[in-house]
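Student: Could you walk me through one part of this fold up close? I'd like to know how its pieces pack against each other, and which residues do the touching.

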Amino acid sequence: MTVSESDAVVARIRPDEIVALTRALVDAPSENPGGTEALAVAILENACRDAGFTVTTHEVTPGRPNLIATLPGGDGPGLMFLGHSDVVPAGPGWTGDPYRTRLSEGVLTGRGTVDMKGGLASVVEAMSALAPLAAQGRLSGPVQLVCTVDEEEHGAGVRDLVARADTSRNFVGCVVAEPTDLVVVRGCRGASYLEIDIRGKAAHSGRPDDGRSAIYAAASIIDIIRADHEAMTASAAGLLGSGTWNVGTMSGGQGISVVAPMAALGVDRRLMPDESAEAIAEWLRGRIAAAGIESDGIEVDVAVTMEMPGFETPADHTLVTATVDALNSLDAQTSVGGWTAACDGGFVSRDLGIPAIVCGPGNINTQAHQPDESVAVDDLVTAARAYALVALELLG
């Protein structure tokens, strides 16, 4: 890559096009739960076709299509960009319509501006800036945008993607365009949900020993979970620290005057890259059995209802260093780190063997998943420029 080539690619990034596509995507509500991604994906598909990309879509379930847009290159390994089309529900507290994008003083406000329709628009513009090089046969491999459905809930889109992937096509890496404040995140913990159902024996509260309380059994299970959480976090080390537990929901009982015949716990277990949710569930079943909780009328079921794997890419991997170099060349403040959140990149890393990072415009903690979600246009433009430079460095 020469200086003149990189300058030319950067100069082809059009801020107005990024803004226009972001606004169009945000104004097409795709709340999850709801299964309403189709309209937003259609808008993204049209933008990619207009840019000259090869586009395919596949319905994961009716009305919920994954999209793959490819800028063709040579026969060498390609570069993947990964994003998702769904957004969390708007919720209360907005100062305007969450699905009518507002632009004020260089900031776009609306549900999905930062997580992550703005990131998708930045990728599309970066690929457009690379199109003249692709037409001249000067990219050693393809640049590909993959947009999945259902990232915010159960990951149906990425599961379908990896199950159908063409494993004959190699990729030098995958950039997940989630909001990281343009920090280069080289590792993420995974996430899993465990649903724990406890069945006891009802009895009159005047003679509680005649029954078996499912709520008391649930409390004992919570003690096991809390002790393991404290042990893990006390010995946390490295980029990603440790796994964590959180009991997010609890329900149970039939009435105040009845010994509780049932209870349920909804538990989040964050995963290290080498952990699996089913192995964690089996460990918990073993601890419950060892503690004698399942006895004399108490039965416990532990089921995994969601798993998103973690990943960790070496600090010296060319994907990491090329992204840092690209951002530094744009005078963008960046660093290399890890992420406590989880994302679809874990599936791409684990199941397809593609090294992954997360790097995108905006802040997931201060801007995403809250009222008046917003992102600065300058951040979207910097991201697009950086994405184009990374592709140029790795494929040019």
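Tutor: Let's fix the angle words: under 35 degrees is roughly parallel, over 145 roughly antiparallel, 65 to 115 roughly perpendicular, and the rest oblique. Keep in mind that this is a predicted model, with local features needing pLDDT of at least 70, side-chain atom pairs pLDDT 80 or more, and totals for chains, interfaces and linings using all residues. Numbering starts at 1 along each chain as its sequence is written, and side-chain values use heavy atoms, leaving out hydrogens and water.

The chain has ten helices and 16 strands (DSSP runs numbered from the N terminus: H or I of at least four residues, E of at least two). I'll stick to helices 2, 4 and 10.

Start with helix 2, residues 15-26, against helix 10, residues 377-395: they pack at about 110 degrees, axes 10 Å apart (lines fitted to C-alpha atoms over the stretch in contact, angles 0 to 180 degrees between N-to-C directions). That's why helix 2 and helix 10 count as roughly perpendicular. Their crossing is right-handed (near helix turned clockwise from the far one by less than a right angle; anticlockwise is left-handed). Helix 2 brings Pro 15, Ile 18, Val 19 and Thr 22 to the contact, and helix 10 answers with Val 377, Leu 380, Val 381 and Ala 384 (contact is heavy atoms within 4.5 Å). By class, that's seven nonpolar, one polar and no charged residues (Ala, Val, Leu, Ile, Met, Phe, Trp, Tyr, Cys and Pro are nonpolar; Asp, Glu, Lys and Arg charged; the others, including Gly, polar).

Now bring in helix 4, residues 113-135, which packs on helix 10 at about 45 degrees with the axes 8 Å apart. So helix 4 is oblique to helix 10, and this crossing is right-handed too. From helix 4 you get Gly 118, Gly 119, Ser 122, Val 123, Glu 125, Ala 126, Leu 130 and Leu 133, meeting Leu 380, Ala 383, Ala 384, Tyr 387, Ala 388, Ala 391 and Leu 392 of helix 10. The tally is eleven nonpolar, three polar and one charged. Leu 380 and Ala 384 of helix 10 turn up in both contacts, with helix 2 and with helix 4.

Helix 2 and helix 4 also pack on each other, at about 135 degrees with axes 9 Å apart. That makes the pair oblique, and helix 2 passes helix 4 in a right-handed crossing. Glu 17, Ile 18, Leu 21, Thr 22, Leu 25 and Val 26 of helix 2 face helix 4 residues including Thr 113, Lys 117, Leu 120, Ala 121 and Val 124. This contact has seven nonpolar, four polar and three charged residues. Ile 18 and Thr 22 of helix 2 take part here as well as in the contact with helix 10.
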